[in-house]
Amino acid sequence: MIEFKNIHKSFEDVHAVDDVSLRIEEGELFGFIGPDGAGKTTLFRMLNSLLIPDEGQINLFGLDPVKEYKKVRQIIGYMPGKFSLYYDLSIEENLQFFATVFGTTIEENYHLIEDIYKQIEPFKKRPAGKLSGGMKQKLALSCALIHKPRLLLLDEPTTGVDAVSRREFWEMLQKLKEKGITIVVSTPYMDEAGLCDRVALMQNGKIHAVAPPSEIVSQFSDPLYTIKVKNNYKSLQALRQWEFCENVYPFGETLHYLDKRNNVSADVIEAYLSSQQLTFDKVEMIQPDIEDCFIALTHNVG
Amino acid sequence: MNRFIAFVKKEFLHIFRDYRTMLILFIMPIAQILIFGFAITTEIKDASIAILDKSKDEVTRELTQKLLSSGYFNNDAYLTSESQIEPAFNDQRVKMVVVFEPEFGRNLQKEGTANVQLVCDASDPNQARMLSQFAEGIFASYASQGVVKGIQPEVRMFYNESLEGVYMSIPGIMAMILMLVSAMMTSISITREKEYGSMEVLLISPLKPLQIIMGKVTPYVMMALINAVSILALGYFVFGVPVKGSIILLLMECLLFTILALSLGILISTVAKNQMVAMFMSMFALMLPVILLSGFIFPVENMPLPLRIISNIIPPKWFIIIVKTIMLKGGGLLYVWKETLILIGFVVLFVTLSVKKFKIRLQ
Ligand SMILES: Nc1ncnc2c1ncn2[C@@H]1O[C@H](COP(=O)(O)OP(=O)(O)OP(=O)(O)O)[C@@H](O)[C@H]1O
Ligand SMILES: [Mg+2]
C-alpha cells in the first residue's frame with residue numbers, strides 16, 4: 001500500500017504539490033491524470049525519494065522515502081518523463097547496463113521482460129537513439145523492470161508516442177499488473193484514464209477526485225450537450241454570455257455545453273442559437289467522458 | 001564493484017562513440033602542440049636581413065653564407081655604412097642587420113674572439129629575440145665546429161634556447177589540455193545525464209554518489225594521462241624538448257592537476273543545468289584564466305599588480321611552474337614542493353566542495 005498524507009512541495013513561488021492525500025493499493029494500476037504543470041512529476045519524485053516533501057508523510061509499502069531512501073530505491077522501477085536511456089548505447093548495452101547497476105542480470109529476470117523485450121530483440125545491436133518512439137518506450141520499460149521492482153513508477157510514458165504504440169503499451173501494463181506489480185502512471189491524455197483501475201485527477205498541485213474512471217464519469221450528473229456549429233469561436237462567445245450557461249468549451253471539432261438548469265432540452269439551446277443568428281448542424285445530448293469530468297471538476301474550483 | 005565497472009565501461013562507450021569527444025580528446029592536443037610549435041618556428045623562416053660587413057674577409061663571407069643557407073634568413077641588401085641601417089628598417093622589409101666588426105677574421109684567429117653586432121627591429125620584440133638567437137646559434141655552431149679554437153662550448157646552448165617558444169608553450173599546453181579534457185569533458189558528461197533524465201535513474205539506482213562521480217572521472221583520468229604522455233612525446237620527438245627531471249614525478253604532478261581539474265568539472269556540473277551551460281562555464285571560468293592569467297601566453301611578471309595577485313588563485317599557474325621546473329630545469333620534488341602543496345590544497349578544497357554539492361537527491 002502506498003499512502004500520501006498531506007503532501008506539500010513548493011519551488012520558490014510555485015506551489016507544485018498542494019496538500020495531496022491519497023492511498024494506492026498494492027497490485028493496482030493507478031493513474032495520475034493532469035495537464036502540464038499539474039505537479040505529477042514532482043509527486044513522483046517525492047515518492048521515489050528524489051525530492052523531500054516540504055510537509056506531510058509518504059508511506060511506501062511501510063517505508064519512508066525520506067529516511068529509508070536506500071530501501072525505497074531498490075523496490076522502485078522508475079521511468080522518468082524524459083527518455084532516460086543512452087542514445088549512443090545499443091538496446092542490449094542499455095539493458096545490460098541497467099541490469100548490472102541494479103545488481104542483477106538480464107537472464108535472472110528475463111521472464112519479466114520477455115513479452116516486451118522480444119519485440120525489440122531483433123534490433124538489439126541498434127543504438128537506442130535510432131529507435132522509433134514506441135521501441136524506445138519498450139526498451140525503457142524493460143530497463144525499469146529488469147530488477148524486478150515491486151512498484152513501477154512511470155512518468156508520462158506515452159507522451160510523444162504514436163497511437164498504436166500507446167495502445168500496445170497499455171496492454172503491456174495490464175499484463176504486468178497481472179504479475180502482481182503495482183503500477184503508478186501519469187499521463188496528460190484523458191483517454192488513457194479509462195485504462196487504469198483508479199485515477200486521480202490533478203491540477204495546479206491539487207487532487208480533484210480519486211475514483212475508478214467509470215465512477216468518475218457516472219458521478220457527472222449534469223446533462224451535457226455537444227453542439228456542432230459553423231463558427232466555433234462566435235458561438236462560444238454567444239453561449240458564454242447566455243445567462244443559463246454553466247460552462248462551454250471547445251471539444252475537438254465541436255463545442256460541449258453544460259446548462260445551469262436541470263431539465264433543459266436540445267430544442268431550447270437550438271432556439272437560443274437561432275436567436276443569435278448562429279448556424280448550427282446539430283445539438284445533441286451526450287454521455288460525458290473523463291475529459292468532461294476533468295473540465296467540470298477543475299471548472300468548479302477555478 | 002561490478003556496478004562500478006559497468007559504469008566505467010559505459011563511460012568509455014560514450015567517449016569512443018562520440019567523434020567530437022574523440023576529436024577533443026586526441027586530435028586537439030596534437031593539433032595544438034603542432035600549431036604552437038610550428039607557429040614559432042615558421043615565423044622565422046625567410047626573414048629578411050641585411051649584412052654590413054666591415055671586414056670583408058674569408059670568415060665573414062663564410063658566416064654570411066651560413067646565415068643565408070640556414071633557411072631562416074633571406075639576404076635583402078649589403079649595406080656599406082651604419083647610416084643605412086635605419087632606412088633599411090624603415091622600409092619594413094629588413095628585420096635584422098648583421099654587423100661584422102673590422103678585422104673580424106683576424107681578431108678571431110689572433111684573440112679567439114671577434115665581435116659581431118646583431119641589430120634587430122625590436123618593434124616585434126618576440127621576433128627580434130628569436131632572430132637574434134637564431135643568428136647567435138648559427139655563429140655558435142660555426143665556432144664549435146672546430147674551425148676556430150678558444151670558443152666556449154656553452155655557446156651551443158644559445159641555439160637550443162632559440163626554440164624557447166616551444167619550450168615555454170609545452171607546460172602551458174599541458175595545463176590547458178588537461179584542464180580541457182578533465183574539467184570540460186566531465187562537466188559536460190555529467191550534465192548530459194541530467195539533461196537526458198538518466199541522472200534520475202542513476203540516482204535512484206543502488207550506485208553510490210561517490211561511485212557515480214568516480215565512474216565519470218576514471219575514464220577521463222586515463223585520457224588525461226595519455227594526453228600528457230603524448231604531449232611530452234611530441235615535444236621530445238618533434239621539437240626536441242627534453243624532460244630533464246624525473247618523468248615519474250612529472251606524471252604524478254599531472255595526475256594531481258588532473259584530479260584538481262576533474263573536481264572543478266564536477267563542481268561545474270552541480271551548478272550547470274545543461275550541457276551548453278556547462279561548456280560555457282568551463283570555457284569562461286576555466287579556459288580563459290588558464291590562457292590569460294596562468295603565464296601560459298603572457299608572462300606573469302609582466303602583468304599589472306592586480307592581475308598578478310589574481311593569478312595566484314589560478315591553479316594552472318602553479319602547475320605550469322612545476323612543469324617548467326621539472327622539465328626544463330630538471331628540478332626534483334625539493335624544488336616544487338611548495339607549488340605541489342598549493343595544488344593539493346586546491347584539490348582538497350574542490351573535492352570537498354563537489355562531493356558535498358553532489359547530492360543523493362535532486363534538490
Ligand atoms: N525544480 C523545479 N524548480 C522550480 N519549479 C519547478 C521545479 N520542478 C517543477 N517545478 C514547477 O512545479 C510545477 C509542477 O511541475 P511538475 O513537473 O511536477 O508538473 P507535471 O504535472 O509533471 O507537468 P508536465 O506535464 O509538464 O511534466 C510547475 O509549475 C513547474 O514549473
Ligand atoms: Mg512531468
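**Exercise 1. Which strand and which helix of chain A each supply at least two residues of the shell around ligand 1?**

Solution. This is a predicted model, where local features need pLDDT of at least 70, side-chain atom pairs count only at pLDDT 80 or more, and totals for chains, interfaces and linings use all residues. Residues are numbered from 1 along each chain as its sequence is written, chains are lettered from A and ligands numbered from 1 in the order in which they are written, and side-chain values use heavy atoms, with hydrogens and water left out.

Step 1. Take the elements as DSSP runs numbered from the N terminus: helices are H or I, at least four residues, and strands are E, at least two. Strand 2 (14–24) and helix 1 (40–47) of chain A each meet the mark.

Step 2. Rank them. Helix 1 of chain A gives the most, with three residues.

**Exercise 2. Describe the setting of ligand 1 and its polar contacts.**

Solution.

Step 1. Place the ligand. Ligand 1 lies between chains A and B.

Step 2. List the neighbours (a heavy atom within 4 Å). There are 13 residues around ligand 1, and A:Gly37, A:Lys40, A:Thr41, A:Thr42 and A:Glu156 come nearest.

Step 3. Sort the shell by class. Ala, Val, Leu, Ile, Met, Phe, Trp, Tyr, Cys and Pro count as nonpolar, Asp, Glu, Lys and Arg as charged, and the others, Gly among them, as polar. The shell has five nonpolar, five polar and three charged residues.

Step 4. Look for polar contacts (N or O pairs within 3.5 Å). The side chain of A:Asp36 puts an N or O atom 3.0 Å from a ligand 1 oxygen. Two backbones also take part: A:Gly37 at 2.8 Å and A:Gly39 at 2.9 Å, each to an oxygen atom of ligand 1.

Step 5. Check the cover. On its own, ligand 1 has 630 Å² of accessible area (Shrake-Rupley method, 1.4 Å probe), and the protein covers 66% of it.

**Exercise 3. Analyse the interface of chains A and B.**

Solution.

Step 1. Find the residues in contact (heavy atoms within 4.5 Å). Chain B gives 26 residues and chain A gives 29.

Step 2. Take the buried area, the accessible area (1.4 Å probe) that two parts lose on being put together, summed over both. The chains bury about 2600 Å² between them, 63% of it on carbon and sulfur atoms.

Step 3. Pick out the leading trio. B:Glu200, B:Ile204 and B:Arg361 supply 28% of the area that chain B buries against chain A, more than any other three residues.

Key. A polar contact is a pair of N or O atoms within 3.5 Å; within protein, one must be able to donate a hydrogen and the other to accept it, and residues adjacent in sequence count only if both atoms are side-chain atoms.
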